[in-house]
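Trainee: Could we go through this structure together and test the labels against their cut-offs?
Mentor: Happily; let's take them in turn.

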Amino acid sequence: MTASSASRQKTTPKLTQSPTWKALKDERAAWKNIHLRDLFAHDKKRNARYSLALDDADETFLLDYSKNLIRPQTLKLLLKLAKEAKVEALRDAMFSGEKINHTEGRAVLHTALRGKTPVQVDGYDVMPDIGAVLERMRVFADRVRTGKWKGYSGKPISDVVNIGIGGSDLGPAMACLALKPYGGNIRAHFVSNVDPSQLVDTLEDLDPATTLFIVASKTFTTQETLLNAQAARAWFLDTAKDPQQVAKHFVAVSTNAEAVAAFGIDTANMFGFWDWVGGRYSLWSAIGLPIALYIGMDAFEELLAGGHDLDTHFKEAPLDQNMPVLMALIGLWYTNFWDAQAYAVLPYEQRLARFPAYLQQLDMESSGKGITRDGKPVTCATGPVLFGEPGTNGQHAFYQLIHQGTALIPCDFIAGRESHNDVNGQHAVLLSNFLAQTEALMRGKTLLEVQKELTAEGRKPAEIKALAPHKVFPGNRPTNSLLYRRLTPRTLGRLIALYEHKVFVQGVLWNVNSYDQWGVELGKQLAKVILPELHGGKPGNHDSSTLGLIQRILGD
């Protein structure tokens, strides 16, 4: 099957009515009498059976999925479902440059940004253009980082402020925090919210003479980004005075040269990207310029190399040994057969604090769809809610719900074997919690075990009877464990690409377009109607709640 025909080939229209789907329902029913602690007790090789690793001279990247509610027949059925949904054909179509984003008529080629082989879009090899932008980024980043780029006063740049929103903010902000040990003499800041407090707080301690702004907007018309950019320009000119100096302190990541020039930015310092780069996949492109400025271009290219590692694995590994495929199938198993409506991503790495927020856009903007690729209502649940916080902080917040609540919430636990900052042996404490939580969620604690503990504590029988039910943990709560050697640019690239491909596979299985986001448009349209009314315009035709709130805001 050619890539072109693969994209046009619809996934099974009624996959949820297929014999495999029905068999999975039966498999789910069989789990009423199965507990993970028993499976581990009876199968001493369960960990080896359900683990995968990518290894090279410097890195270990391990997925342990053994603490999931799966057994051989479960995986056999899930893998059969992937075959029926034509995951491999759609995967190949994506990598080949076919326009699988059919509602917008676009290819989906964030993988080409970190690739090494020619990729054709409409008969044109995009790789030379990608290489040219990377080289321009390198030259610019080197000039800024070495102090050759001077501000209006002749001083070098010390701080970079990225102004964007959505994918042009979440990815770079997450990556810069994650890769702080690789940062140099440039401090990175991020402004996205149209609430001016974020911009004011960010600029409070900065010097206009040594601050460089990156305005990241493909069209250079994004409302929030342009308002913040204009406010930043006014802040700069309040000190610099001369509008001609704007070009020394503002650059753009955009394709709208006319608007960029009108703002005062030299178009020689405008870095472009392409319509086949979706916002939530754009950190690999020129949108990653703040990352390159912060950690240097060599490290940025290591980030790209990590993404390419996972691309190669995703393309070449058999489905039953394919990390993103298995994570996607297991996630679907919980969403569609266990009625799990949420899942948690829990990095035991403080510098991955923004990783769950980054994944929220990646996952929920991609899979939050109720219409199939052929325009029909979906017939099963899609797009679970994703949330998370770094461990061990989350343990003192929402883990209670995961351990003893009534909802099943699958979790991904993420940790590095080594720390960049091991102080007083605290990294071992962190890892002990990482390991203990997944074991506790799997094993649980039975009533008999609780009663024995309370008896050993010398509690009286009446007290034991009253207290014991509250201390029972049901267990059988599923987790994945992702373990790497150390959080490096390459490791981070692998992590990001792993989740990108997981989301892609689930989109294929659910037969939704993972690459459009029409759901964000309606609110924007209505905001444009309401804004003039907040400036004293005639009230529009709103519902009574919206109208009443407008009147309250205006003080009427």
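**Helices and salt bridges**

Mentor: In this predicted model, helix H21 passes helix H22 in a right-handed crossing. The axes of H21 (residues 521–534) and H22 (residues 544–554) come within 11 Å and cross at roughly 35°.

Trainee: Which residues of H21 and H22 meet?

Mentor: Ile 530, Glu 533 and Leu 534 in H21 meet Thr 546, Ile 550, Ile 553 and Leu 554 in H22. By class, that contact has five nonpolar, one polar and one charged residues.

Trainee: What makes Arg 71 and Glu 27 a salt bridge?

Mentor: Their side chains meet at 2.8 Å, N to O, and the cut-off is within 4 Å, so the pair qualifies. Arg 71 lies in the loop between strand S2 (60–64) and helix H5 (72–84), while Glu 27 is in helix H2 (residues 19–30), 44 residues apart. Both Arg 71 and Glu 27 are buried.

Trainee: Asp 92 forms a salt bridge with Arg 91. Why is Arg 91 called buried?

Mentor: Arg 91 has a relative accessible area of 7%; buried means under 20%, so the label fits.

Trainee: And why does Asp 92 count as partly exposed?

Mentor: Its relative accessibility is 39%. Exposed needs over 50% and buried under 20%, so Asp 92 falls in between.

Trainee: How do you know that Glu 457 forms a salt bridge with Arg 459?

Mentor: The closest N and O atoms are 3.3 Å apart, and the rule asks for within 4 Å, so the pair counts. By this rule the count comes to 24 salt bridges.

Note on methods: Residues are numbered from 1 along each chain as its sequence is written. This is a predicted model: local features need pLDDT of at least 70, side-chain atom pairs count only at pLDDT 80 or more; totals for chains, interfaces and linings use all residues. Side-chain values use heavy atoms; hydrogens and water are left out. Axes are lines fitted to C-alpha atoms, for helices over the stretch in contact, and angles run from 0 to 180 degrees between N-to-C directions. Helices (H or I, at least four residues) and strands (E, at least two) are DSSP runs, numbered from the N terminus. A crossing is left-handed if the near helix is turned anticlockwise from the far one by less than a right angle, and right-handed if clockwise. Contact means heavy atoms within 4.5 Å. Ala, Val, Leu, Ile, Met, Phe, Trp, Tyr, Cys and Pro count as nonpolar, Asp, Glu, Lys and Arg as charged, and the others, Gly among them, as polar. Buried means under 20% relative accessible area, exposed over 50%, partly exposed in between (1.4 Å probe, protein chains only).
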